[in-house]
Amino acid sequence: MAQVVVNVFYNAPADPEAFESYYHETHMPIADQIPGLEKAVLLKGLPGPDGSAPAYYRLTQLWFADADAMAAGMSSPQAQAASADIANFAIGGASIMISAVG
């Protein structure tokens, strides 16, 4: 079975400093408790070669061993808490895409 990644795309925040502080100090410690989570990769968008703004401000990737591990982890109270917490800091909005590696 292929590894499964939950990708959370964050739109640009009105206050990047407040976003970063909450994201690192409050949100990610909650998300790191999701059962079955193998690793979390935190990516921050950069301007394109032409100086254009990135499509997303941040991308968080939550890696799981397979679809079953992802389903179990994402249905846990810890994942529900992390999902509910997004509204507390991602004022610009967020989108989620689940993907298979490979």
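## The nonpolar core

In this predicted model, the largest nonpolar core is made of 19 residues, and those with the most contacts inside it are Tyr10, Phe19, Ile34, Phe64 and Phe89. Several parts of the fold contribute: strand S1 (4-10), H1, strand S3 (58-64) and helix H3 (77-85) each provide at least two residues of this core. As background, nonpolar side chains tend to be buried together in soluble globular proteins.

Ile34 is a good residue to click on if you want to explore this region. Setting aside residues up to four places away in sequence, Ile34 touches Leu62, Phe64, Gly73, Met74, Ser76, Gln78, Ala79 and Ala82.

## The sheet and the helix across it

Let's turn to the strands. Four of them form an open sheet, in the order S2-S3-S1-S4, with antiparallel pairing. At the edges are strand S2 (39-44) and strand S4 (94-100), each of which pairs on one side only. On average, neighbouring strands of this sheet are turned by 15 degrees against each other, direction ignored.

S1 and S3 run antiparallel and are joined by seven bridges. To see where these two strands meet, look for Val4, which stands opposite Phe64 in S3. Helix H1 lies across S1, S2 and S3, and runs at about 15 degrees to S3.

## His27, a buried residue in H1

His27 sits in helix H1 (residues 16-31). Is His27 buried or exposed? With a relative accessible area of 4%, His27 counts as buried, because that value is under the 20% cut-off.

The side chain of His27 makes a polar contact with the side chain of Asp85, at 2.9 Å. Beyond residues up to four places away in sequence, His27 touches Tyr10, Tyr22, Ala82, Asp85, Ile86 and Phe89. Two of these names, Tyr10 and Phe89, may be familiar: both are listed among the residues with the most contacts inside the largest nonpolar core.

## Met70, a buried residue in H2

Our last stop is Met70, which is found in helix H2 (residues 67-74). Its relative accessible area is 12%, so Met70 is buried as well.

Which residues does Met70 contact, leaving aside its neighbours within four places in sequence? They are Val4, Val6, Phe64 and Ile98. Val4 and Phe64 are the pair that stand opposite each other. Met70 can also be placed relative to Met97: these residues are 27 apart along the chain, and their C-alpha atoms are separated by 13 Å.

Definitions and conventions
Residues are numbered from 1 along each chain as its sequence is written. This is a predicted model: local features need pLDDT of at least 70, side-chain atom pairs count only at pLDDT 80 or more; totals for chains, interfaces and linings use all residues. Side-chain values use heavy atoms; hydrogens and water are left out. Helices (H or I, at least four residues) and strands (E, at least two) are DSSP runs, numbered from the N terminus. Buried means under 20% relative accessible area, exposed over 50%, partly exposed in between (1.4 Å probe, protein chains only). Contact means heavy atoms within 4.5 Å. A polar contact is a pair of N or O atoms within 3.5 Å; within protein, one must be able to donate a hydrogen and the other to accept it, and residues adjacent in sequence count only if both atoms are side-chain atoms. A nonpolar core is a set of buried Ala, Val, Leu, Ile, Met, Phe, Trp, Tyr and Cys residues joined through side-chain atoms within 4.5 Å. Two strands pair if DSSP finds at least two bridges between them. Axes are lines fitted to C-alpha atoms, for helices over the stretch in contact, and angles run from 0 to 180 degrees between N-to-C directions.
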